[in-house]
Amino acid sequence: MHVGTHFFAGWMVGVAPDLGPRERALIALAGVAPDLDGLGLVVETVTADSPHPLPWYSLYHHVLGHNLGFALLVTLASFVLARRRAARTATLAFASFHLHLLFDLAGSRGTDGEQWPIPYLLPFSQGLQLTWSGQWTLGAWQNTLLTSVLLVATVWAAWRFGRSPLALVSARADEAVVRALRGRFGYP
Ligand SMILES: [Zn+2]
């Protein structure tokens, strides 16, 4: 599934609890973190026509980052980087990470039919390769619908809880959006 969809899903996981902006950012980023293993796409594309192609995307996407070992690493990082309510932040980061895996299982089939199986137990075991037979493709309407629902939910949560993902880049922009929403729709 697309990074934007994962981001808004991760944001929604942490939007309601009483946490700080830093902790909410950690939870949202945990929802995107598995796709760090997709950065090999740059290398693969650049070296595709070279004498020594490096197919890092084909080899490592949905492998290096989409597993329990990396989930534990991301959870630990969230625990360490959180300034308050570290245990709750780490728990929600763990949930956010797994929501990403669930979404990928549901809707990340390639147009070529490639299912990108998730080797969930890595690096502890190669034994489990998760796929779902009902998986839809990356460009399917289900993904568009899911992304739209998450966007609406994000706007609703900004109105309801007084915080939006803009807080990750600018507290002032975040406040302005919340003020505008509440000016338009009233106070919750
Ligand atoms: Zn993914």
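How are H7 and H8 oriented relative to each other: roughly parallel or roughly perpendicular? Keep in mind that this is a predicted model. In it, the axes of helix H7 (residues 141-161) and helix H8 (residues 171-185) come within 9 Å and cross at roughly 85 degrees. H7 and H8 are therefore roughly perpendicular to each other. Where they meet, H7 brings in Val-155, Ala-158, Trp-159, Arg-160 and Phe-161, while H8 offers Val-178, Leu-181, Arg-182 and Phe-185.

Now for the metal. A zinc ion has these protein donors, lying 2.0 to 2.3 Å from it:

| Donor residue | Donor atom | Distance range for the donors |
|---|---|---|
| Asp-35 | OD | 2.0 to 2.3 Å |
| His-66 | NE2 | 2.0 to 2.3 Å |
| His-100 | NE2 | 2.0 to 2.3 Å |
| Asp-104 | OD | 2.0 to 2.3 Å |

Along the chain, the donors are spaced as D-x30-H-x33-H-x3-D. The angles among the four donor atoms run from 89 to 168 degrees, and the site is irregular. His-100 and Asp-104 sit four residues apart in helix H6 (residues 86-107), so about one helical turn separates them. Both of these residues are buried.

What about the greasy parts? The largest nonpolar core has 12 residues, among them Leu-68, Phe-70, Phe-97, Leu-101 and Tyr-120. Helix H5 (68-81) and H6 each supply at least two residues of this core. There's also a second, separate core of six residues, including Phe-7, Trp-11, Ala-28 and Ala-157.

Back to Leu-68: leaving aside residues up to four places away in sequence, Leu-68 touches Phe-94, His-98, Tyr-120, Leu-121, Leu-122 and Phe-124.

Terms used
Residues numbered from 1 in each chain as written. Predicted model: local features only at pLDDT ≥ 70, side-chain atom pairs only at ≥ 80, totals over all residues. Heavy atoms only, no water. Donors = N, O, S within 2.8 Å, 3.2 Å for Na, K, Ca; no water. Tetrahedral: all angles 85-135°; square planar, octahedral: opposite > 155°, others 65-115°. Buried < 20%, exposed > 50% of the residue type's maximum accessible area, 1.4 Å probe, protein only. Core = buried A, V, L, I, M, F, W, Y, C linked by side-chain atoms within 4.5 Å. Contact = heavy atoms within 4.5 Å. Axes fitted to C-alpha atoms, helices over the stretch in contact; angles between N-to-C directions. Parallel < 35°, antiparallel > 145°, perpendicular 65-115°, else oblique.
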